[in-house]
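The report below goes through selected features of one protein model, from individual polar contacts to strand pairing, ligand surroundings and salt bridges. Please keep the sequence and the structure at hand while reading.

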Amino acid sequence: MLEIKLEDISAGEEVEREWDVAIVGGGPAGLTAAIYTGRSMLRTVVFEKLAVGGQITVTDEVDNYPGVESVKGPELAKLMEKHAKKFGARIVFAEVLRIRKEGEGRFVLETTDGEFRAKAVIWATGAEPRKLGVPGEREFTGRGVSYCAVCDGPFFKGRTVAVIGGGDSAFTEGLYLSGLVAKLYLIHRREQFRAQKIYVEQLRSKPNVEFLLNKVVVEFVGDNVLKALRLKDTKTGEESTVEVDGAFVYIGLRPVNDVVKDLVELDERGFALVGEDTKTKTPGLFVAGDGRAKPLRQIVTAVSDGAVAAMMADEYIREISSHGT
Ligand code: NAP
């Protein structure tokens, strides 16, 4: 996890309560929005509840950000944070619990650090890892079950682990783990993968990696710590057990949109139904990043959303100012 710098922690410190733009979520979308609103001379606060950088802080290597051939996720996060601060953004470590609109250009954000006000809000909380929801998963989380290879991978050096999932995350994090562990099982419920072919081929070529396909995990088994996974074959129904020291679950993302569910249209999976302009049914509230319904979730698409949302927020603030509200 990223180190949180003390200078950013607002607890006990008097923080300005009135802002032009409040950005919720300090991932690539939120930080890019902050760079753009800052450059537009809008006074900007960014709320982050955990670690600045969002999903990229738990990504080992990023190799598809144009112009940067290879960079560690946490390093890219730090660069984005520094960039946003350069243009004046203030980062407040607090969770936004509720948002209400009291009139044009008057949003109130209730946070774990008290109330804040802003003329416009950019919701950029993205998405968080989904859970399998099978017996033992919760019990062994932190004791063998993990959702973050970068954070927990080093604990499994020279040991046996499983990665569960068939998307880009399972493969990129599997590639990272394969360099640390003695043996890695890639467990996926079918034979086709969502992951980009380049990652599939790279992982397949590793001598210490074995693919267990058409298998789902039905139970995480252990005593004090995880010892094994009970698997079920999706074609034959046959059950088997594979012994592992660790299991990394990468089965997709769940959008974090609960706080704005009454202010924004959501699809059946909870992603915000907003177009390229990031505008919601609530004027002055914009949604950017992985929490938006869209065909591709990448850092480049998140930063693109962030830039657009910032420009739309700027336009909104100019418009309400011209009305004299
Ligand atoms: P994802 O692309 O949604 O893939 C989720 C995987 O988990 C799928 O293979 C899915 O299987 C499997 N799965 C879902 N529910 C399951 C269950 N209950 N039991 C077993 N398996 C289950 O999610 P992701 O890999 O986390 O990626 C999220 C987004 O980030 C994607 O848009 C991805 O492209 C992006 N990303 C990009 C990069 C990169 O470009 N370097 C790296 C990481 C992530 P099915 O295929 O059978 O549905």
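A polar contact here is a pair of N or O atoms within 3.5 Å, where, within protein, one atom must be able to donate a hydrogen and the other to accept it. The model discussed is a predicted one.

**A buried glutamate**

By that criterion, the side chains of E137 and Y147 are joined by a polar contact of 2.7 Å. E137 itself is placed in the loop between β9 (127-129) and β10 (145-146), and a polar atom of the E137 side chain also lies 2.8 Å from the backbone nitrogen of L132. Which side chain of opposite charge is nearest to E137, and how far away is it? That side chain belongs to K131, at 6.6 Å, and E137 has no salt bridge although it is buried. A salt bridge requires a side-chain nitrogen of Lys or Arg within 4 Å of a carboxyl oxygen of Asp or Glu. When neighbours within four places in sequence are left aside, the residues in contact with E137 are K131, L132, V145, Y147, F220 and V249.

**Strands and their pairing**

The strand β10 that follows the loop of E137 belongs to an open sheet of five strands, arranged in the order β10-β17-β11-β12-β13 with parallel pairing. At the edges of this sheet stand β10 and β13, each of which pairs on one side only. The neighbour of β13 in that order is β12, and β12 (residues 183-188) pairs with β13 in the parallel sense over five bridges; within this pairing, Y185 has E210 in β13 as its bridge partner.

An antiparallel pairing is found between strand β15 (residues 226-233) and strand β16 (residues 239-243), again over five bridges. Here L231 has S240 in β16 as its bridge partner. The hairpin of β15 and β16 has five residues between the strands, and in this hairpin G237 takes a positive phi near 80°.

**Positive phi outside glycine**

Most residues other than glycine have a negative phi. Two residues of the model depart from this pattern: N214, which is not a glycine, has a positive phi of about 60°, and T278, likewise not a glycine, has a positive phi of about 65°. N214 sits in the loop between β13 (209-213) and β14 (215-222), whereas T278 belongs to the loop between β18 (253-255) and β19 (285-287). Are these residues buried or exposed? N214 is buried, with a relative accessible area of 11%, and T278 also counts as buried, at 0% relative accessibility.

**Around the ligand**

There are 19 residues around the ligand, and those that come nearest are N64, D168, R189, R190 and R194. In the side chain of R190, an N or O atom is 2.7 Å from an oxygen atom of the ligand, and for the side chain of R189 the corresponding distance to a ligand oxygen atom is 2.8 Å. The backbone takes part as well, since a backbone N or O atom of G167 lies 3.4 Å from an oxygen atom of the ligand.

**Salt bridges**

The structure holds 26 salt bridges, of which three are listed here.

| Pair | Closest N to O distance |
|---|---|
| K72 and D60 | 3.1 Å |
| R98 and E110 | 2.9 Å |
| R292 and D305 | 2.9 Å |

In the pair of K72 and D60, K72 lies in strand β4 (residues 71-72) and D60 in the loop between β2 (44-48) and β3 (61-62), so the pair ties together parts that are 12 residues apart in sequence. K72 is partly exposed, with a relative accessible area of 39%, while D60 is buried at 11%.

R98 forms its salt bridge with E110, and this pair links strand β6 (residues 96-103), which holds R98, to strand β7 (residues 106-111), which holds E110, across 12 residues. Both partners count as partly exposed, R98 with a relative accessible area of 48% and E110 at 22% relative accessibility. R98 and E110 also belong to a network of salt bridges that includes R100, E102, E115 and R117.

R292 forms its salt bridge with D305, linking the loop between β19 and α6 (299-322), where R292 lies, to helix α6, where D305 lies, 13 residues apart. Both R292 and D305 are buried.

Terms used
Residues are numbered from 1 along each chain as its sequence is written. This is a predicted model: local features need pLDDT of at least 70, side-chain atom pairs count only at pLDDT 80 or more; totals for chains, interfaces and linings use all residues. Side-chain values use heavy atoms; hydrogens and water are left out. Helices (H or I, at least four residues) and strands (E, at least two) are DSSP runs, numbered from the N terminus. Buried means under 20% relative accessible area, exposed over 50%, partly exposed in between (1.4 Å probe, protein chains only). Lys and Arg count as positive and Asp and Glu as negative; His and the chain ends are not counted. Contact means heavy atoms within 4.5 Å. Two strands pair if DSSP finds at least two bridges between them. A residue is near a molecule or strand if one of its heavy atoms lies within 4 Å of it.
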